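Please open the model in your viewer, with side chains available to switch on as the tour moves from one selection to the next.

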Amino acid sequence: MLSGCFRPMLAEDGQASALRGQIVLPDIEGRLGYYLYQSLEDRLGRPEGDRYRLDVAISTEDRGLAISQDNDVTRISVTATVAWALYLRDGTEPVLRDREVSQSGYNATGSLFATRQTRLDIERRLARDLGERISRAILARSRQIARAS
């Protein structure tokens, strides 16, 4: 049995817990941006302090993967990419910087309503995944961030 080997990242006395609520999240335009903000807030906490600020730039790319005999696209792949940087409140050089990519796909149907609803679901999933990736990267490097402050 392993004992003492595992310690939750956000334990009350952990380095990462000191970051919770201390990162000002960016206003991100668009529906995908809204979902990404919600995901980041869920993981990093609602900003109560302003010790750090997070900047993000998000982009998406759609690609048709399956084409019917009538040349209709029936399967669409969506790739979302986020370039992000974490700064000290008034800093000009980032403490951390990285890029995250997430991909998902959906079937285009004969129903415009169903296709749009599926697209909304894909955007929520991509944003949640990207928010998780960014949050994990920041929290996992909490010692590095603390040294830079």
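What follows is a walk through a predicted model, from its nonpolar core to a set of polar and charged side chains.

Begin with the core: select L36, L54, W84, L86 and I138, the residues with the most contacts inside the largest nonpolar core, which has 31 residues. If you then colour helix 1 (30-44), strand 2 (52-67), strand 3 (73-88), strand 4 (96-107) and helix 2 (112-140), you will have marked elements that each supply at least two residues of this core. Helix 2 gives the most, with nine residues.

Keep L36 selected and display its surroundings, leaving aside residues up to four places away in sequence: L36 touches I28, V56, I58, V82, A127, L130, G131 and I134.

Move next to S102, which is found in strand 4. Is this residue buried or exposed? With a relative accessible area of 5%, S102 is buried, and beyond four places in sequence its contacts are V78, T79, A80, L126, D129 and L130. Of these, D129 deserves a distance label, since the side chains of S102 and D129 make a polar contact at 2.6 Å, although the two residues are 27 apart in sequence, with a C-alpha to C-alpha distance of 6.9 Å.

Staying on D129, add R133, whose side chain meets that of D129 in a salt bridge (2.8 Å, N to O). Both residues lie in helix 2, four residues apart, or about one turn of the helix. D129 is partly exposed at 24% relative accessible area, and R133 likewise counts as partly exposed, at 32%.

Now select R31, D62, R119 and E123, which salt bridges with shared partners join into one network. Within this group, D62 and R119 form a salt bridge of 2.5 Å, N to O, a pair that links distant parts of the chain, with D62 in strand 2 and R119 in helix 2, 57 residues apart. D62 is partly exposed at 41% relative accessibility, whereas R119 is buried at 16%. The side chain of R119 also meets that of E123 in a salt bridge (3.2 Å, N to O); E123 and R119 are both buried, and because they are four residues apart in helix 2, about one helical turn separates them. Across the whole structure, a search finds 12 salt bridges.

For a last stop, select R53 and Y87: the charged end of R53 sits over the ring of Y87, 4.3 Å from the ring's centre.

Methods. Residues numbered from 1 in each chain as written. Predicted model: local features only at pLDDT ≥ 70, side-chain atom pairs only at ≥ 80, totals over all residues. Heavy atoms only, no water. Core = buried A, V, L, I, M, F, W, Y, C linked by side-chain atoms within 4.5 Å. Buried < 20%, exposed > 50% of the residue type's maximum accessible area, 1.4 Å probe, protein only. Contact = heavy atoms within 4.5 Å. Lys NZ or Arg CZ within 6 Å of the ring centre and 35° of its normal. Polar contact = N/O pair within 3.5 Å; in protein donor to acceptor, adjacent residues only side chain to side chain. Salt bridge = Lys/Arg side-chain N within 4 Å of Asp/Glu carboxyl O.
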